[in-house]
Amino acid sequence: LVAVESVALTDSGLRALGLTRSEVRSTHPWINIKLAGGGTLQRRIDDRAPERNMRADLYQPGGFDRRLPDYADVTLRH
């Protein structure tokens with residue numbers, strides 16, 4: 001995992017983007033995370049998140065960034 005680059009998605013999040021686990025393992029696709037307050041983060045799918053709901057977990061080894069919103073729009077980057 002790489003700080004400021006890696007993200008984990010739930011299986012339901014992968015399905016919502018039209019991806020499978022095997023695609024993610026072989027190609028590590030990138031996503032755009034459009035923040036509600038403006039701006040877009042670009043991240044590579046490198047891991048799976050716990051399946052409680054459709055979500056993306058940003059890899060942040062330095063700790064949680066409270067400046068980021070709880071919700072954002074996620075799209076596959078082409």
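Here are some worked exercises on the predicted model shown above.

**Exercise 1. Work out the order of the strands in the sheet and find which strands lie at its edges.**

Step 1. Start with the overall layout: five strands make an open sheet, and the order across it is E4-E1-E3-E2-E5. The pairing in this sheet is mixed.

Step 2. Look for strands that pair on one side only: these are E4 and E5, the edge strands.

Step 3. Now check the twist, which averages 40° from one strand to the next.

**Exercise 2. For E1, E2 and E3, find the sense of each pairing and the number of bridges.**

Step 1. Take E1 and E3, which pair in the parallel sense over four bridges. Within E3, Arg-48 is the bridge partner of Leu-9.

Step 2. Turn to the other neighbour of E1: strand E4, residues 56-58, runs antiparallel to E1, and three bridges join the two. Leu-9 has a bridge partner here too, namely Ala-56 in E4.

Step 3. Move on to E2 and E3, where the pairing is antiparallel and covers five bridges. One landmark to look for is Asn-32, whose bridge partner in E3 is Gln-42.

**Exercise 3. Sort the residues of E1 by the way they point, and say whether they are buried or exposed.**

Step 1. Ser-6 and Ala-8 point one way from the strand.

Step 2. Val-7 and Leu-9 point the other way.

Step 3. For accessibility, the two groups give one answer: Ser-6, Ala-8, Val-7 and Leu-9 are all buried.

**Exercise 4. List the residues of the largest nonpolar core and decide which strand gives the most to it.**

Step 1. Recall the background: in soluble globular proteins, nonpolar side chains tend to be buried together.

Step 2. Collect the members. The largest nonpolar core has 11 residues: Val-7, Leu-9, Leu-14, Leu-17, Leu-19, Val-24, Ile-31, Ile-33, Leu-35, Leu-41 and Ile-45.

Step 3. Assign them to elements. Two or more residues of this core come from each of E1, strand E2 (30-35) and E3. E2 gives the most, with three residues.

Step 4. Pick one member and follow its contacts. Leaving aside residues up to four places away in sequence, Leu-17 touches Leu-9, Ile-31, Val-74, Thr-75 and Leu-76.

**Exercise 5. Describe the surroundings of Asn-32 and Val-74.**

Step 1. Place the residues: Asn-32 lies in strand E2, and Val-74 is in strand E5, residues 72-76.

Step 2. Judge their accessibility. Asn-32 counts as buried because its relative accessibility is 19%, and the cut-off for buried is under 20%. Val-74, at 30%, counts as partly exposed.

Step 3. List the contacts, again not counting residues up to four places away in sequence. Asn-32 touches Thr-40, Leu-41, Gln-42, Asp-73, Val-74, Thr-75 and Arg-77. For Val-74 the list is Leu-17, Ile-31, Asn-32 and Ile-33.

Step 4. Add a separation along the chain: Val-74 and Lys-34 are 40 residues apart, yet their C-alpha atoms are separated by 6.3 Å.

**Exercise 6. Find which salt bridges share partners, and why the pair of Arg-44 and Glu-5 ties together parts that are apart in sequence.**

Step 1. Begin with the total, which is five salt bridges in the structure.

Step 2. Examine Arg-44 and Glu-5, whose side chains meet in a salt bridge at 2.4 Å, N to O. Arg-44 lies in strand E3 (residues 40-48) and Glu-5 in the segment before strand E1 (6-9), so this pair ties together parts that are 39 residues apart in sequence.

Step 3. Check the accessibility of both partners. Arg-44 is buried, at a relative accessible area of 18%, whereas Glu-5 is partly exposed at 24%.

Step 4. Look for another bridge to Arg-44: the side chain of Asp-46 meets that of Arg-44 at 2.8 Å, N to O.

Step 5. Consider the bridge between Arg-67 and Asp-65, with 3.0 Å from N to O. Here Arg-67 is exposed, at 74% relative accessibility, while Asp-65 is partly exposed, at 22%.

Step 6. Put the shared partners together: salt bridges join Glu-5, Arg-44 and Asp-46 into one network.

Technical notes:
Residues numbered from 1 in each chain as written. Predicted model: local features only at pLDDT ≥ 70, side-chain atom pairs only at ≥ 80, totals over all residues. Heavy atoms only, no water. Salt bridge = Lys/Arg side-chain N within 4 Å of Asp/Glu carboxyl O. Buried < 20%, exposed > 50% of the residue type's maximum accessible area, 1.4 Å probe, protein only. Core = buried A, V, L, I, M, F, W, Y, C linked by side-chain atoms within 4.5 Å. Contact = heavy atoms within 4.5 Å. Pairing = 2+ DSSP bridges. Axes fitted to C-alpha atoms, helices over the stretch in contact; angles between N-to-C directions.
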